[in-house]
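The following exercises concern the strand pairing, helices and surface of one protein. Each task is followed by a worked solution.

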Amino acid sequence: MSDPSTQLCFKLGRVVRRVQQYYEQRLHPFGLTPSQFFVLDALWSKDGVSIGELGEQVALDTSTLTGILDRLERNGLVERRRNPADRRSMLVTLPDRARELEPQVMPIVKELDVSLRHSFSSADMSVFERLLDSFTDVLDKTATGKKDTGHE
C-alpha cells in the first residue's frame, strides 16, 4: 500500500495549504482572499494593465481572473476601463482605496516571506526558487503534452 506522505505532490500540497491558511487568516480583516491579494499586488507593481497581461503576471486564466476582478470591483478595489489605444480591450486600474490598502497589507505578506527566507541559507533558497520554476516548466510541458528530454 502506498503512503501518500511520500509523494512529492502531497508534500507540495501540504505546503501550499499552509501558506494559503496563513494568507487567509491575515488578509481576512482586510476583506481579501489570497487570490485577490496577488491580483492587487501585481497592480501595485504595475497599474493600468490589460486583463491578459494581468492574467500572465498572476498565472491565472481569463475566466478565473474575471471572477476575481468582479469581486474586487464590487468592493471598490479595482476599476475596468476601455483601453484608449485599443477600444476592444480593457485596462485594470486601482482606485485610491486600493492604493491606500497596500501599506497596510504588504508588511503582513512580507513577514512570511522574510521568515521563510531567514530559515534557510541564501544558497538553499536560490536552489529552491530555481526548482520551483523548473517544476512549473515541467508541469506546463506536461499540460501541453510536450515531453521533457531530461534535466539541465
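**Exercise 1. Identify the residue in β3 that stands opposite serine 50, and the pairing to which serine 50 belongs.**

Solution. The coordinates belong to a predicted model. Serine 50 faces leucine 91 of β3. Strand β1 covers residues 49-50 and pairs with β3 in the antiparallel sense, over two bridges.

**Exercise 2. Determine how β2 pairs with β3, and how many residues lie between them in the hairpin.**

Solution. Step 1: strand β2 spans residues 79-83, and its pairing with β3 is antiparallel over five bridges. Step 2: arginine 82 has methionine 90 in β3 as its bridge partner. Step 3: two residues lie between β2 and β3, and the two strands form a hairpin.

**Exercise 3. State the order of the strands in the open sheet, and explain why β1 and β2 each have one side without a neighbour in the sheet.**

Solution. Step 1: the three strands of the open sheet are ordered β1-β3-β2, and the pairing is antiparallel. Step 2: β1 and β2 are at the edges with a single partner strand each, so one side of each lacks a neighbour in the sheet.

**Exercise 4. Decide whether threonine 93 is buried, partly exposed or exposed, and list what threonine 93 touches.**

Solution. Step 1: threonine 93 belongs to strand β3, which comprises residues 86-93. Step 2: the relative accessibility of threonine 93 is 15%, and the cut-off for buried is under 20%. Threonine 93 therefore counts as buried. Step 3: with residues up to four places away in sequence left aside, threonine 93 touches Asp47, Gly48, Val78, Glu79 and Arg81.

**Exercise 5. Classify glutamine 21 by relative accessibility, and give the separation of its C-alpha atom from that of arginine 117.**

Solution. Step 1: glutamine 21 is located in helix α1, residues 8-27. Step 2: its relative accessibility is 45%; the partly exposed class lies between the buried limit of 20% and the exposed limit of 50%. Glutamine 21 is accordingly partly exposed. Step 3: glutamine 21 and arginine 117 are 96 residues apart along the chain, and 19 Å separates their C-alpha atoms.

**Exercise 6. Compare the span of helix α6 with the span expected at 1.5 Å a residue, and describe the phi of glycine 145.**

Solution. Step 1: helix α6, residues 122-144, contains 23 residues. Step 2: from first C-alpha to last, α6 reaches 33 Å, close to the expected 33 Å. Step 3: glycine 145 comes just after α6 and has a positive phi of about 85 degrees.

**Exercise 7. Describe the protein as a whole: its pattern of elements, its burial, its contacts, its accessible surface and its charges.**

Solution. Step 1: the protein has six helices and three strands, arranged along the sequence as α-α-β-α-α-β-β-α-α. Step 2: its C-alpha atoms fill a box of roughly 55 × 35 × 35 Å along the principal axes. Step 3: of the 152 residues, 26% are buried. Step 4: among contacts with a separation of 6 or more, 45% join residues 24 or more positions apart. Step 5: the accessible surface is about 10800 Å², and carbon and sulfur atoms contribute 54% of this area. Step 6: there are 21 positive and 23 negative charges, and their mean positions lie 3 Å apart.

Conventions:
Residues numbered from 1 in each chain as written. Predicted model: local features only at pLDDT ≥ 70, side-chain atom pairs only at ≥ 80, totals over all residues. Heavy atoms only, no water. Helix = DSSP H or I, 4+ residues; strand = E, 2+ residues; numbered from the N terminus. Buried < 20%, exposed > 50% of the residue type's maximum accessible area, 1.4 Å probe, protein only. Contact = heavy atoms within 4.5 Å. Areas by Shrake-Rupley, 256 points an atom, 1.4 Å probe, with all protein chains shown as cover. Lys, Arg positive; Asp, Glu negative; His and termini not counted. Charge placed at Lys NZ, Arg CZ, Asp CG, Glu CD. Pairing = 2+ DSSP bridges. Expected span 1.5 Å × (residues − 1).
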